[in-house]
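Reader: I'm a first-year student and still getting used to looking at these models. Could you pick one part of this one and take me through it slowly?

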Amino acid sequence: MGLAIVSPTIIGVIGVFYGLLVVSLFVPVLAGLYMGRAGSPEALASIGCGVATMIAVQFTTGGRGIFGLTPVLAGLVAASAGFLIVFISRQRTHGPERLV
């Protein structure tokens with residue numbers, strides 16, 4: 001509701017809504033399809049990093065973006081980074097699985 005009060009047009013609200021959908025679902029779904037050992041921790045880290053970054057960039061820059069990145073693209077970069085950090089750290093703690 002607060003976003004509807006702040007945004008001057010409904011198109012801006014719809015853009016933020018669909019941007020949040022892209023940021024929160026694109027990386028976990030795509031990586032889950034192509035990376036065999038990806039799990040829930042990676043997906044949750046990706047969603048958290050992506051949404052937090054997109055919201056932060058959206059509201060701090062007024063939707064203009066930062067360093068040439070739109071808020072959605074900055075969120076996708078952060079979501080990818082969050083996914084990879086958790087994926088790599090889980091691989092190091094669990095080690096490779098042996099197939100018998």
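**A close look at the aromatic rings and their helices**

Author: Let's start with the whole chain, then zoom in. This is a predicted model, and its secondary structure comes to 4 helices and 0 strands. Follow the sequence along and you get the pattern α-α-α-α. Of the 100 residues in the chain, 29% count as buried. Now take the contacts with a separation of 6 or more: 69% of them come from residues 24 or more positions apart. As for the outside, the accessible surface is about 6,800 Å², and carbon and sulfur atoms hold 73% of it.

Okay, on to the rings. The count here is 2 aromatic pairs. One of them joins Phe-17 and Tyr-18: the ring centres are 5.1 Å apart and the planes sit at 70°, which is over the 60 degrees needed, so this pair is edge-to-face. Phe-17 itself is partly exposed, with a relative accessible area of 46%.

The rings of Phe-83 and Phe-87 also pair up, with centres 6.2 Å apart. Their planes are at 10°, and anything under 30 degrees counts as stacked, so that's the label for this pair. Where are these two in the chain? Look at helix H4, which covers residues 71-94: Phe-83 and Phe-87 are 4 residues apart in it, so about one helical turn separates them. Both Phe-83 and Phe-87 are buried.

Stay in helix H4 for a moment and find Leu-84. Buried or exposed, or something in between? Leu-84 has a relative accessible area of 42%, so it's partly exposed. Now hop from Leu-84 to Ala-45: the two are 39 residues apart in sequence, yet their C-alpha atoms are 9.2 Å apart in space.

Ala-45 brings us to helix H3, where it is one of the buried residues. The others on that list are Glu-42, Ser-46, Gly-50, Met-54, Val-57, Gln-58 and Thr-61. You can also check the length of this helix yourself. H3 runs over residues 40-61, which makes 22 residues, and at 1.5 Å a residue it should span 32 Å. The C-alpha atoms at its ends are 31 Å apart, so the model agrees with that estimate. Right after H3 comes Gly-62, and its phi is positive, near 70°.

Definitions and conventions
Residues are numbered from 1 along each chain as its sequence is written. This is a predicted model: local features need pLDDT of at least 70, side-chain atom pairs count only at pLDDT 80 or more; totals for chains, interfaces and linings use all residues. Side-chain values use heavy atoms; hydrogens and water are left out. The expected span of a helix is 1.5 Å times one less than its number of residues. Buried means under 20% relative accessible area, exposed over 50%, partly exposed in between (1.4 Å probe, protein chains only). Rings of Phe, Tyr and Trp (its six-membered ring) pair if their centres lie within 6.5 Å; planes under 30 degrees apart count as stacked, over 60 as edge-to-face and the rest as tilted. Contact means heavy atoms within 4.5 Å. Accessible areas come from the Shrake-Rupley method with a 1.4 Å probe; for residues, only the protein chains shown count as cover.
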